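Q: I am new to this structure and would like a close look at a single part of it, followed outward to what surrounds it. Please choose the part and describe it in one connected account.

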Amino acid sequence: IKGINDKLNKMIYEKSKKRLDIADENAIMRLQKHAQKLKDEKSWYYNFHVKNESTDEMIDYFLNDPIYLNEVTHYGRTNIGGHNTAALNFRNNALKLYDELSDYLNIPKDTLISKDLSRFGHYIGIYTDSLNIVEIIREKEDFVYIRKTKTNSLEVFRAILYPETKNNFTVGGSFGHLTFINSKVDRLILSSGGNRRNLKSIN
């Protein structure tokens, strides 16, 4: 049990939780910095927040200003993506430790936490878009998500996939979704921050 307790302290709280806290602190700091910039530079700031008034200048800024659009893009990719990755890392490490602790104590696992993979055989298969080939396979007690380049089949990403429902799963720092046509898997959609990948099933 000492080994499991050490993992709880070091892997979950000292490493995974700390990484999540840092990601959230960075996101808050970026938002506060940008709010300060608007307060200092935009004459419409008061009317927008206090009187709920919108001006053409304000709307044009939010829709067309290249620096603002860069900031939004960077926030989505870096801060939201960073939070997703850190939160899922924390969660997935906790799931692994739950399974290990349940096995050690020889107690039944809660299927709401530890999924019965036999219910998710429809995940297994091959998916593709213009640049990538994704394979979902089963290795022992895990589903494994493998992404390769389409040009030379070079493996660029491999991670354990965690099914949640018939349609939804997580892998790495991303959220996944399966779509169906006539009860057969049609597409795999993967989202992380501002990034989105849409792959067609070729099974």
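A: Helices and strands are here DSSP runs, numbered from the N terminus, with at least four residues for a helix and at least two for a strand. The model described is a predicted one. The part chosen is helix H4, which spans residues 66-105. The account begins with its packing against a neighbouring helix, moves along its residues, and then turns to the pockets and loops.

Helix H3 comprises residues 56-64, and its axis lies 6 Å from that of H4, at an angle of about 50°. Angles from 65 to 115 degrees count as roughly perpendicular and those under 35 as roughly parallel; H3 and H4 are therefore oblique to each other. On the side of H3, the contact is made by Tyr61, Phe62, Leu63 and Asn64, while H4 contributes Pro66, Tyr68 and Leu69. Sorted by class, this contact of H3 with H4 contains six nonpolar residues and one polar residue, with no charged residue.

Further along, Gly82 also has its place in helix H4. Its relative accessibility is 24%, so Gly82 counts as partly exposed, since that class lies between buried, under 20%, and exposed, over 50%. Apart from neighbours within four places in sequence, Gly82 is in contact with Ala23 and Arg77. Gly82 can also be placed relative to Leu20: the two are 62 residues apart in sequence, yet their C-alpha atoms are 8.3 Å apart in space.

Ser102 is another residue of helix H4. With a relative accessible area of 3%, Ser102 is buried. When its neighbours within four places in sequence are set aside, Ser102 is in contact with Ile107 and Lys109.

Helix H4 also takes part in the largest pocket, which holds about 460 Å³ of space. This pocket is lined by 22 residues, and those closest to its centre are Asp99, Ser114, Lys115, Glu141 and Asp142. The largest share of the lining, six residues, comes from H4. At least two residues each are supplied by H4, by strand E3 (142-149) and by strand E4 (155-163). In terms of class, the lining of the largest pocket has twelve charged, eight nonpolar and two polar residues.

Strand E3 leads on to the second largest pocket, where E3, strand E7 (184-192) and strand E8 (195-201) each give at least two residues to the lining. The space in the second largest pocket amounts to about 180 Å³. It is lined by 13 residues, of which Arg147, Ser174, Leu190, Ser192 and Arg197 are the closest to its centre. The lining of the second largest pocket has six polar, four nonpolar and three charged residues.

The loops complete the picture. Thr151 lies in the loop between E3 and E4, and its relative accessible area of 76% makes Thr151 exposed. Thr151 and Asn132 are 19 residues apart along the chain, with 8.2 Å between their C-alpha atoms.

Two other loop residues are notable for their backbone. Most residues other than glycine have a negative phi. Asn106 is not a glycine, yet its phi is positive, at about 55°. Asn106 is found in the loop between H4 and strand E1 (125-128). With 70% relative accessibility, Asn106 counts as exposed, whereas Ser102 of H4 is buried. Ser183, likewise not a glycine, has a positive phi of about 70°. Its place is in the loop between strand E6 (174-181) and E7. Ser183 has a relative accessible area of 69% and is therefore exposed.

To return to the chosen part, H4 packs obliquely with H3 and supplies six residues to the lining of the largest pocket. Along H4 itself, Gly82 is partly exposed and Ser102 is buried.

Methods: Residues numbered from 1 in each chain as written. Predicted model: local features only at pLDDT ≥ 70, side-chain atom pairs only at ≥ 80, totals over all residues. Heavy atoms only, no water. 1 Å grid on protein atoms, 1.4 Å probe; cavity = no way out; pocket = protein on both sides within 12 Å on 5 of 7 lines; lining within 4 Å. Points joined across faces, edges and corners; volume = space filled by probe spheres on them. Nonpolar A, V, L, I, M, F, W, Y, C, P; charged D, E, K, R; others polar. Axes fitted to C-alpha atoms, helices over the stretch in contact; angles between N-to-C directions. Parallel < 35°, antiparallel > 145°, perpendicular 65-115°, else oblique. Contact = heavy atoms within 4.5 Å. Buried < 20%, exposed > 50% of the residue type's maximum accessible area, 1.4 Å probe, protein only.
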